[in-house]
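Visitor: I would like to know how the terms used for a protein model are justified. Could you take me through them?

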Amino acid sequence: SQASFEEDSQKQPAVGHWKTLMPSKGSKEEPETGCQDAGGVDETQSTEQLNVSRLRSSSVEIREKGSEFLKEELHKAQKELKLKDKECERLSKVREQLEQELEELTASLFEEAHKMVREANTKQAASEKQLREARGKIDMLQAEVTALKTLVITSTPSSPNRELHPQLQSPSKTVFRKGHGRNKSTSSAMVSAASQNVTPEPVSHERKEVDSILFAEFQAWKESPTLDKSCSFLDRIYREDVGPCLDFTKQELSELVRAAVEQNTLTIEPIAAQTLPVVKVSAEECGGPKKCALSGLPRTCKHRIMLGDSGNYYYISPSCRARITAVCNFFTYIRYIQQGLVRQDVELMYWEVMRLRREMSLAKLGFYPSDM
């Protein structure tokens with residue numbers, strides 16, 4: 001509004017600057033007297049002052065109204081900005097809460113999956129044990145049935161088995177025995193069945209005790225988890241477990257396998273019956289279904305490995321697969337800890353690490369499950 005006023009004031013002629021009207025040459029009017037000139041000048045000056053004061057007052061009024069209008073608009077804009085800031089802050093809090101819930105959900109899912117795998121392995125071991133016991137009982141029952149069939153066949157009404165019925169024997173051949181008599185075939189059948197019966201294994205109660213040095217190293221690593229093997233925790237595990245577990249006869253291939261395990265780029269897959277190796281290296285280096293590429297020994301290979309995206313497959317024996325799998329399980333768990341996906345007590349995580357180390361120790365000594 002102030003700008004429009006200034007534009008209008010520029011277009012109108014300035015107040016107080018009057019152009020003197022010069023009488024024309026042909027005018028017959030007489031000039032006014034000196035007194036009349038003086039009175040006209042006074043009236044003109046007063047009129048000019050009045051107009052100037054009016055213009056000034058109107059200009060001040062317009063400026064004040066414009067200033068008030070601008071202040072109101074500024075106040076409204078500030079209120080809207082505050083509301084938008086509050087909304088942004090609320091949305092940021094909602095986003096942080098969702099991210100935290102998602103992280104906790106992911107961690108709980110990983111823990112649940114790890115727990116389910118352990119429970120499945122435990123149930124599988126218990127089922128295999130029950131299966132062995134059931135097979136032993138079946139064998140015992142089959143032996144008893146066979147013995148009873150033998151008794152029935154050898155003892156009929158037309159030709160009874162005199163050993164089963166001592167009262168049918170002649171007095172001269174009757175032998176007085178001390179205690180109760182037992183049929184030989186039944187006794188032998190029972191003995192053979194008893195020898196085939198599988199006795200349940202005694203339940204072992206394992207005791208554990210935390211090693212202060214190992215626990216201190218794990219605690220120091222847990223404060224700032226890293227995969228750098230220069231720290232004392234991983235350096236010990238590399239020297240005592242990972243290195244010996246991945247130390248195979250073929251040293252060059254062993255180094256490649258170790259690097260692939262550390263970089264999480266190793267792939268293990270079962271061998272199909274009709275699968276043929278598609279490789280770019282010699283068959284001697286890759287092994288075959290009857291030869292292990294890591295040990296170089298003639299073994300039945302049920303799995304093969306691929307290092308990265310090279311496309312080269314290497315056949316491995318069950319023992320080598322157990323050793324590689326044990327090391328991969330260890331690295332997977334410490335990666336979960338490093339990424340913050342394991343939300344457990346430090347002591348529970350420590351014992352899980354010790355269990356994985358025990359699996360590596362057993363694997364490098366040649367122990368592996370029968371289903372490998």
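Guide: The model is a predicted one. Of the 372 residues of the protein, 22% count as buried.

Visitor: What makes a residue count as buried?

Guide: A residue is called buried when its relative accessible area is under 20%, and exposed when that area is over 50%. In helix α6, L253, S254, V257, A260 and V261 meet the buried condition.

Visitor: How do you know on which side of α6 they lie?

Guide: Around the axis they cover an arc of only 125 degrees, so they are on the same side of α6. In an α-helix there are 3.6 residues a turn, so residues three or four places apart point the same way.

Visitor: Which exposed residues does the face of α6 turned away from the buried side carry?

Guide: That face carries E252 and Q263, which are exposed.

Visitor: How do you know that the length of α6 agrees with what a helix should span?

Guide: Helix α6 has 13 residues, 251-263, and at 1.5 Å a residue it should span 18 Å. Its end C-alpha atoms are 18 Å apart, and therefore the two values agree.

Visitor: What is found just after α6?

Guide: There N264 takes a positive phi of about 60 degrees.

Visitor: How many helices and strands are there, and what pattern do they follow?

Guide: The protein has 9 helices and 3 strands. Along the sequence the pattern reads α-α-α-α-α-α-β-α-β-β-α-α.

Visitor: What share of the accessible surface belongs to carbon and sulfur atoms?

Guide: The accessible surface comes to about 27700 Å², and 55% of it belongs to those atoms.

Notes:
Residues numbered from 1 in each chain as written. Predicted model: local features only at pLDDT ≥ 70, side-chain atom pairs only at ≥ 80, totals over all residues. Heavy atoms only, no water. Helix = DSSP H or I, 4+ residues; strand = E, 2+ residues; numbered from the N terminus. Expected span 1.5 Å × (residues − 1). Buried < 20%, exposed > 50% of the residue type's maximum accessible area, 1.4 Å probe, protein only. Arc of directions from axis to C-beta. Areas by Shrake-Rupley, 256 points an atom, 1.4 Å probe, with all protein chains shown as cover.
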